[in-house]
Amino acid sequence: MPDSRSARIQSLVAEQAALRGGRVGVVDVCTAAVIALPVGGAGVSAMSRTAASHPLWSTDAISEQLEELQLTLGEGPCVDAFNRGSAVLTSDLRAAELQGRWPVFVEAALAAGAAAVFALPLLVGAISPGVLDLYAHDPVRLNAEELADALAFADLATLVLLDARIDATGGPLGPIEDLGAYRAEIDQATGMLTVQLGVGIEEAFVRLRAHAYAHERRLADVAADVVARRLLFSHETGTVRGTEIGIEIGTAPESGDRTKHKAETGTEAETATGPVADRTDEEP
């Protein structure tokens, strides 16, 4: 069963999807995060080291501008969070040290109306499909509970992005499962593919996701089939065989999502939910 925090976050997001009249999508994660946290807006960008990054969804004009700015300039909390694989928590963009860290972004963000930005990488194991950004109009710090909630929103945003044929308006997604069990099964399936295909973890995940996409299946269902050995990928033939339904399918084309992110040491604060957070302000 999901823990109480995950269950509460899932409920908030599902409520937004119900109000919108659709299934859970990125838009619902962003909207629920803005309601639950002391922030003014939220946005999600899809990011990759091997393909063009692009904004997926923003709750308002300011968050949309912040997403565009960071991806265009190549600097800012979002870019750092993606590169480091850890949260970047900037409670006050007016801090003097940030002028040297993000000289162009800071001025532009302040002019846009943002005084604080919290960037949370979307992570499943070593794979990161993007970043969830939260901004506030005034300088503000997230306390431990708020940060844990923000990370839970990022977890859910990750599942939304990886689990369905998602688009900017919030594509289809089935019922939300236990986040921990979901991630564990995907990690287990990816590990099994490294052995079956003789490739690294990133390549194995690309093959898993590409197969799900090519056959219009949910990633969770494909991972479950791999773990249950209903789907076996062959290193020799480059094919995947459905052991129960008796079909052999050519390996799907690789996507541009090969990426591996490790959390860096430095100014980091470990949270109860696992990921580390790089704070740009001093701890109390």
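This passage describes an aromatic pair and two exposed residues in a predicted model. In this predicted model, local features require pLDDT of at least 70 and side-chain atom pairs are counted only at pLDDT 80 or more, whereas totals for chains, interfaces and linings use all residues. Residues are numbered from 1 along each chain as its sequence is written, and side-chain values rest on heavy atoms, with hydrogens and water left out.

The structure contains 1 aromatic pair, a term applied to rings of Phe, Tyr and Trp (its six-membered ring) whose centres lie within 6.5 Å, with planes under 30 degrees apart counted as stacked, over 60 as edge-to-face and the rest as tilted. The pair is formed by Trp102 and Phe105, and it is classed as edge-to-face because the ring centres are 6.3 Å apart and the planes stand at 85°. With relative accessible area under 20% taken as buried, over 50% as exposed and values in between as partly exposed (1.4 Å probe, protein chains only), Trp102 counts as buried at 1% relative accessibility, and Phe105 counts as buried at 0%.

Helices (H or I, at least four residues) and strands (E, at least two) are taken as DSSP runs, numbered from the N terminus. Ile35 lies in helix H2, which spans residues 26-36, and counts as exposed at 60% relative accessibility; its C-alpha atom is separated by 9.0 Å from that of Leu12, a residue 23 positions apart from Ile35 along the chain. Arg229 is placed in the loop between helix H10 (219-227) and strand S6 (231-233), where Arg229, at 52% relative accessibility, counts as exposed. The phi angle of Arg229 is near 65°, a positive value in a residue other than glycine.
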